Amino acid sequence: MAKKKFVVGCFNDEEVLFPAVKKVRTAGYKIHDVYTPFAVHGLDHALGLRETSLHTAGFIYGVTGTTTALSCISWIFTKDWPLNIGGKPHFALPAWIPITFELTVLFAAVGMVLTFCYISQLAPFVKKHHFHARATDDLFVMVIECTDTTNAEDLKAFLASAGAVETDIQIAEEGWWFGRYDKDEMRFENKQIVAA
Amino acid sequence: MASIRLQFEIPGKLKTWSLGLIGVGLVALVFGMITKGFSTDEHEQVHFWGTLMYNTIFWTLVTNASMFFICVTTLAMGGWQQSFRRIPEAISTLVPIFGSITFAVLLYVVLSDKHHIYHWLDTAAVAKDPMLNGKSGFLNARFFIIWTTLTIGFWSFLGWRMRQLSNEADVAPMDHETGLKFIFRNTVRAALFTVWFALTVGSTVPWLWMMSIDAHWYSTMYSWYTFASTFVAGLSLIALWMVFLKNKGYMELTNQEHLQDIGKFMFAFSIFWTYLWFSQYMLIWYANIPEETVYFKHRVQGPYKGIFFLNLIINFLCPLLILMKRSAKRNYTLVTFMAVLIIFGHWIDFYQMVMGSLMKESVELGWLDFGILSLFVGMMIFFVARALASKPLIPKYHPFLKESVIHTV
């Protein structure tokens with residue numbers, strides 16, 4: 001976990017945000033992320049994000065569920081503890097299908113939720129830095145990562161010229177951490193860490 | 001809209017192909033009629049009329065599923081289907097044509113008293129049979145004919161009303177008020193069709209036309225199963241025409257986004273079909289009551305075993321594994337392949353549903369079946385192409401058209 005320097009630009013309209021994203025990307029800056037109050041259609045395309053692999057993971061979890069169910073039930077009912085149920089054969093596949101289906105869905109659903117939480121860095125008692133509190137309300141917050149050669153002040157001016165209503169520079173933890181927010185970072189006091 | 005081609009011109013090749021298929025079909029029909037249909041051998045007779053029955057019923061229900069597709073998407077206030085809605089509309093113009101053929105075949109079977117097909121037509125046997133006696137209020141020739149007439153009549157009429165309304169979207173731009181009224185009238189007509197559809201395909205008609213072949217046996221799942229089967233085949237047919245028109249350079253406003261949604265429907269309803277297939281099978285397997293298992297005995301353990309499980313592979317495993325990926329549903333070639341496979345699979349499904357009950361001893365899938373299939377495919381291509389050419393391909397003043405143009409998944 002390392003602290004990094006970010007330049008933050010806040011936009012109050014989608015229609016300003018999209019051209020701004022394009023400008024920032026063509027200028028060669030690396031966009032860390034864009035935080036929006038709601039899901040914005042097409043923003044992932046504009047940001048050049050690749051297609052998610054979450055559904056591939058879901059498929060693998062599902063197949064794991066199917067395999068678990070079928071191998072468990074067949075072992076239990078044919079080897080471990082064979083029972084005579086209504087004179088049916090011990091290997092009674094139709095009777096197992098509902099449970100197999102349920103376990104497939106359960107594994108896929110739970111697995112996908114947990115994977116999603118992990119890749120979005122969400123978990124109970126875990127904190128992430130908020131670049132701007134109003135990102136959850138009415139502001140589209142674009143965060144750009146600074147490299148050694150980035151001139152932050154220039155970038156701020158550039159963002160403002162692209163239509164940002166508010167810009168600032170923050171040094172912040174980029175990943176998640178376990179524990180509490182720093183005093184300076186209490187969200188509702190709306191304080192920002194400003195560093196040169 | 002200047003660059004958009006609204007008028008479909010039927011390619012010469014398509015016409016030749018459809019007429020060729022119809023020709024092959026007619027030869028098979030006439031030859032079958034002479035050697036089997038009017039032979040004195042009951043087995044041959046049952047073979048011929050059974051083949052006609054499952055083909056006519058299958059194609060009527062598949063084309064009718066197109067109108068159902070329009071109506072449910074209308075009721076759901078869907079906008080995305082507007083750019084290609086003329087395809088299902090064109091397919092649904094076949095309902096009166098295929099419906100009358102079905103009606104003629106069924107009428108002949110009932111009036112000529114073919115009790116080897118419908119056992120309940122045999123009044124002497126029904127009188128001695130408490131089970132059939134109890135069902136005789138539903139299973140009798142008069143009710144059968146009246147209900148069949150009403151069913152096909154209302155499908156055609158309500159579908160026609162829906163298509164008539166759609167013509168208004170070609171005339172002139174609508175202002176807000178007219179647009180609202182137009183949508184409301186669409187909703188009312190779609191609701192009427194859907195209610196009638198539920199009362200027929202969703203419940204009574206598959207019982208009457210197909211399930212009553214096994215006069216003693218019953219399954220409440222049967223109609224839903226038939227509906228799922230024909231709906232997924234109908235969606236595949238829409239996808240096929242969509243890809244065909246795109247290939248010929250029409251349908252400029254329809255793209256991969258729409259194809260993916262149709263693909264999703266094909267995927268979802270294949271799974272829905274499997275759910276019903278399995279539910280019907282498992283309940284009967286579990287209870288193991290002879291009067292219920294009679295339906296599955298020769299299908300699972302007899303000569304129909306191969307077709308019965310092939311059916312499951314084509315209609316469940318293939319769509320599940322192939323259509324699951326997003327990229328597959330956006331690939332024109334793959335969707336075409338799957339659509340053909342699904343239509344064939346559900347045709348085979350209808351084959352085993354009808355012929356599996358009529359000819360329990362052996363599977364005689366052969367020239368007659370494929371000949372009649374070619375007759376119907378030929379007619380379908382011929383009439384759908386004609387219907388597509390009779391109207392603009394895009395309802396350009398439909399209030400929801402823009403929603404369809406900007407549709408993204």
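# Close-up views of a predicted two-chain model

**View 1. The surroundings of B:Leu235 in the largest nonpolar core.** Leaving aside neighbours within four places in sequence, B:Leu235 is in contact with B:Phe69, B:Ile262, B:Phe265, B:Met266 and B:Phe269. Please keep in mind throughout that the model is predicted. The core around this spot, the largest nonpolar one, has 105 residues. B:Leu235, B:Ile238, B:Ala239 and B:Met266 are the residues with the most contacts inside it. Which helix gives the most to this core? That is helix H2 of chain B, residues 42-75, with 16 residues. Apart from this core lies another, of 21 residues, and A:Val8, A:Phe11, A:Ala20 and A:Val143 are among them.

**View 2. Helices H1 and H2 of chain B, side by side.** Here we stay with H2(B) and add helix H1 of chain B, residues 12-37. The axes of the two helices come within 8 Å and cross at roughly 150°. An angle over 145 degrees counts as roughly antiparallel, so H1(B) is roughly antiparallel to H2(B). On the H1(B) side, the residues that meet the other helix are B:Gly32, B:Met33, B:Lys36 and B:Gly37. On the H2(B) side, their counterparts are B:Glu44, B:Gln45, B:His47, B:Phe48 and B:Trp49. Sorted by character, the residues of this contact are three nonpolar, four polar and two charged.

**View 3. B:Leu106 and its partners.** Look for B:Leu106 in helix H4 of chain B, which covers residues 94-111. Is B:Leu106 buried or exposed? With 23 other C-beta atoms within 10 Å, B:Leu106 is buried, because 20 or more are needed for that label. Not counting residues up to four places away in sequence, B:Leu106 touches B:Thr148 and B:Trp209. B:Met53 is 53 residues apart from B:Leu106 along the chain, and the C-alpha atoms of these two are separated by 7.1 Å.

**View 4. The open sheet of chain A.** Now we turn to chain A, where four strands form an open sheet in the order S2-S4-S1-S5, with antiparallel pairing. Which strands stand at the edges? They are S2 (30-35) and S5 (166-173), each with a single partner strand, so one side of each is left without a neighbour in the sheet. Neighbouring strands are turned by 25° against each other on average, direction ignored.

**View 5. Strand by strand through the sheet.** Starting from S2(A), the pairing with strand S4 (residues 140-145) runs over five bridges in the antiparallel sense. In this part of the sheet, A:Tyr35 has A:Val141 of S4(A) as its bridge partner. S4(A) also pairs with S1(A), over six antiparallel bridges, and here A:Phe11 stands opposite A:Phe140. How many bridges join S1(A) and S5(A)? There are eight, again in the antiparallel sense, and A:Gly9 stands opposite A:Thr167 of S5(A). As you follow the strands, it helps to know that side chains in a regular strand alternate between the two faces of the sheet.

**View 6. Two helices lying across the strands.** Helix H1 of chain A, residues 14-26, lies across S1 (3-11), S2 and S4 of chain A. H1(A) runs at about 10° to S4(A). Helix H5 of chain A, residues 152-161, lies across S1, S4 and S5, and runs at about 20° to S1(A).

**View 7. Two loop residues with a positive phi.** A:Gln121 is not a glycine, yet has a positive phi of about 55°. You will find A:Gln121 in the loop between helix H4 (93-119) and strand S3 (126-128) of chain A. A:Gln121 has 13 C-beta neighbours inside 10 Å and therefore counts as partly exposed. In chain B, B:Met251 also shows a positive phi, near 55°. B:Met251 lies in the loop between helix H9 (222-247) and helix H10 (256-287). With 24 C-beta neighbours inside 10 Å, B:Met251 counts as buried.

**View 8. Where the two chains touch.** To finish, we bring both chains into one frame: six residues of chain B are in contact with four residues of chain A. What is the character of the chain B side? Its residues divide into five nonpolar, one polar and no charged.

Conventions:
Residues numbered from 1 in each chain as written. Chains lettered and ligands numbered in written order. Predicted model: local features only at pLDDT ≥ 70, side-chain atom pairs only at ≥ 80, totals over all residues. Core = buried A, V, L, I, M, F, W, Y, C linked by C-beta atoms within 7 Å. Buried ≥ 20, exposed ≤ 12 C-beta atoms within 10 Å, placed from the backbone. Contact = placed C-beta atoms within 7 Å. Nonpolar A, V, L, I, M, F, W, Y, C, P; charged D, E, K, R; others polar. Pairing = 2+ DSSP bridges. Axes fitted to C-alpha atoms, helices over the stretch in contact; angles between N-to-C directions. Parallel < 35°, antiparallel > 145°, perpendicular 65-115°, else oblique.
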